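User: Please go through the cysteines and the nonpolar packing of this model with me, giving the cut-offs behind each term.

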Amino acid sequence: MLFYCSMKKDVTPRKERKIQINEEKIPRTTLSLYRYVRIQDPKMMRNELFLKLSELGCLGRIYVASEGINAQMNVPKENWKKFDEYIQSKEEFKNIPYKIAVEETEAVSFYKLTIKVKDRIVADGIKDDSFDVTKTGEYLTAKELNEYVDDPDAIIVDMRNGYESEVGHFENAITPDVDTFREELKILPGLLKVHKNKKIALYCTGGIRCEKGSAWLKHNGFEHVKHLRGGIIDYKRQIEEEGLPNKFKGKNFVFDERMGERISDEVIAHCHLCAKEKCDTHIHCKNQACHVLLICCEKCLA
């Protein structure tokens, strides 16, 4: 009983939480991590993670399922070593790669810790029991992805939602106009049918969607499909470390308070209200009955 009492839901109002966290001014490292791995008891894993990560002052949004873990979070820099030692001590997560945020900002990425047990670590809508998510395509490095971009016989596919690719995408990429990942998986085999014998490269934010997407295409008979390891986040790190040309144009949309990370200086989107100003800043409509996500320039926002 005491165990479950210690995990009661945080009911502190959102505005109050933001004030508390911002006033602490604790340096934090924002990261994402995921792994498709068999977890025998997701509920027990969730409970253990919540207790330990709370103790370390971690904040974020984490999903645990029988197929693995998916986390977007931040860690107090003073506790990074303890965090890493704990994660690496779990057999399921040993050697799991971290995708560290590409921008160092004062903005806090998350203001509470939420860990949920899900049927899938990323919703896919797939009902085919014969589908094996672990049978993925091979990884591509940033250098190899750049070669695909420059190859007229290769296809680059954005595995993110339309509102994400609108503000940033790779050169010559196919960017499906979809609102959800499950919607894209549904249309993907048909969309790429004419390219079935070509080399296909998939990419997404941190790797989790394009990895599952590559497994789905292989399940549907596509043989030459690969995916970008670590997604756009790790692509940025690789090109900077190796001095490679940047083939990504614009901003990488992220699902936290920052709403985006700058990958290149180019602004490729326009304000949804005036349709004139170049802009890639997302906001939620202040009308709570609407709350739609839109791109808005400073003039229209005022």
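User: How many disulfides does the count come to?

Analyst: This is a predicted model, in which local features need pLDDT of at least 70 and side-chain atom pairs count only at pLDDT 80 or more, while totals for chains, interfaces and linings use all residues. Residues are numbered from 1 along each chain as its sequence is written, and side-chain values use heavy atoms, with hydrogens and water left out. A disulfide is taken as a pair of cysteine sulfur atoms within 2.5 Å, and by this rule the number of disulfides is zero.

User: Which cysteine has the sulfur nearest to that of Cys204, and how far away is it?

Analyst: Cys204 has 1% relative accessibility and so counts as buried, a term for residues under 20% relative accessible area, with exposed meaning over 50% and partly exposed in between (1.4 Å probe, protein chains only). Cys204 is in no disulfide, and the nearest cysteine sulfur belongs to Cys210, at 3.3 Å.

User: Why is Cys300 not bonded to Cys297?

Analyst: Cys300 counts as partly exposed, because its relative accessibility is 29%. Its closest cysteine sulfur is that of Cys297, and the two are too far apart for a bond, at 3.6 Å.

User: Which element gives the most residues to the largest nonpolar core?

Analyst: A nonpolar core is a set of buried Ala, Val, Leu, Ile, Met, Phe, Trp, Tyr and Cys residues joined through side-chain atoms within 4.5 Å. The largest has 25 residues, and those touching the most other members include Tyr36, Val157 and Leu202. Helices (H or I, at least four residues) and strands (E, at least two) are DSSP runs numbered from the N terminus, and the one giving the most, with five residues, is α8.
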